[in-house]
Amino acid sequence: MPQLIGAAPVTGNWLWELHNEHRIVLSKLVMALTTLFGDYDYRTLAWLNVAVMGAAALGLVWERQRRRGGLRFSHALIPLLFLHWGQAEAFLWDITSQFVYSTVLFTA
């Protein structure tokens with residue numbers, strides 16, 4: 001947490017530290033950069049997570065439209081799966097960015 005509020009520097013050792021038995025280097029780096037450029041406001045990370053998931057959903061809709069030759073009503077299910085109200089609370093936590101970016105990398 002000190003790295004995310006600017007009290008300690010972001011180092012390679014901090015990025016490589018275990019978090020619940022996992023190494024979340026990409027997520028920690030994105031969290032540090034977002035809080036740095038967002039003037040240490042955690043809401044910027046929540047907005048970034050929602051925007052990234054929205055972009056992934058939009059990319060999937062465009063891909064389905066390209067493959068099927070047009071837009072259909074059923075394509076609206078993709079954003080609903082990615083951005084439904086059940087995930088609203090999860091987007092507010094900074095650590096869930098690890099799940100956001102793994103989902104986006106998987107869909108890419």
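**Group meeting: one predicted chain, from Thr11 onwards**

Let me start with Thr11, which is partly exposed, its relative accessible area being 35%. Thr11 sits in the segment before helix H1, and H1 covers 12-16. From Thr11 to Leu29 there are 18 residues in sequence, and the C-alpha atoms are 9.8 Å apart in space. Please keep in mind that this is a predicted model.

Now the overall picture. The protein chain contains six helices and two strands. In sequence order the pattern reads α-β-β-α-α-α-α-α. The C-alpha trace spans about 50 × 25 × 25 Å along its principal axes. Of the 108 residues, 28% are buried. If we take contacts between residues at least 6 apart in sequence, 55% of them join residues at least 24 apart.

On the surface, the chain exposes about 7,500 Å², with 67% of that supplied by carbon and sulfur atoms. As for charge, there are 8 positive and 7 negative side chains, and 19 Å separates the centres of the two sets.

Next, the loop between the strands. Asn20 is in the loop that runs between strand S1 (18-19) and strand S2 (22-23), and Glu21 lies in the loop between S1 and S2 as well. What is the phi of Asn20? For Asn20 phi is positive, about 50 degrees, although the residue is not a glycine. Glu21, also not a glycine, has a positive phi of about 70 degrees. For background, most residues other than glycine have a negative phi. Are these two loop residues buried or exposed? Asn20 has 61% relative accessibility, so it counts as exposed, the cut-off being over 50%. Glu21 is exposed too, with a relative accessible area of 68%.

Asn49 is a buried case. It belongs to helix H3, residues 43-68. Asn49 counts as buried because its relative accessibility is 0%, and the cut-off is under 20%. Which residues touch Asn49, leaving aside its neighbours within four places in sequence? The contacts of Asn49 are Phe91, Trp93, Thr96, Ser97, Val100 and Tyr101.

Last, the rings. How many aromatic pairs does a search of the whole structure find? The count is zero. There is, however, a charge over a ring: Lys28 lies over the face of Trp14, 5.1 Å from the ring centre.

To recap the residues: Thr11 is partly exposed, Asn20 is exposed, Glu21 is exposed, and Asn49 is buried. That is what I have for today.

How values were computed: Residues numbered from 1 in each chain as written. Predicted model: local features only at pLDDT ≥ 70, side-chain atom pairs only at ≥ 80, totals over all residues. Heavy atoms only, no water. Helix = DSSP H or I, 4+ residues; strand = E, 2+ residues; numbered from the N terminus. Buried < 20%, exposed > 50% of the residue type's maximum accessible area, 1.4 Å probe, protein only. Contact = heavy atoms within 4.5 Å. Areas by Shrake-Rupley, 256 points an atom, 1.4 Å probe, with all protein chains shown as cover. Lys, Arg positive; Asp, Glu negative; His and termini not counted. Charge placed at Lys NZ, Arg CZ, Asp CG, Glu CD. Phe/Tyr/Trp six-rings, centres within 6.5 Å; stacked < 30°, edge-to-face > 60°. Lys NZ or Arg CZ within 6 Å of the ring centre and 35° of its normal.
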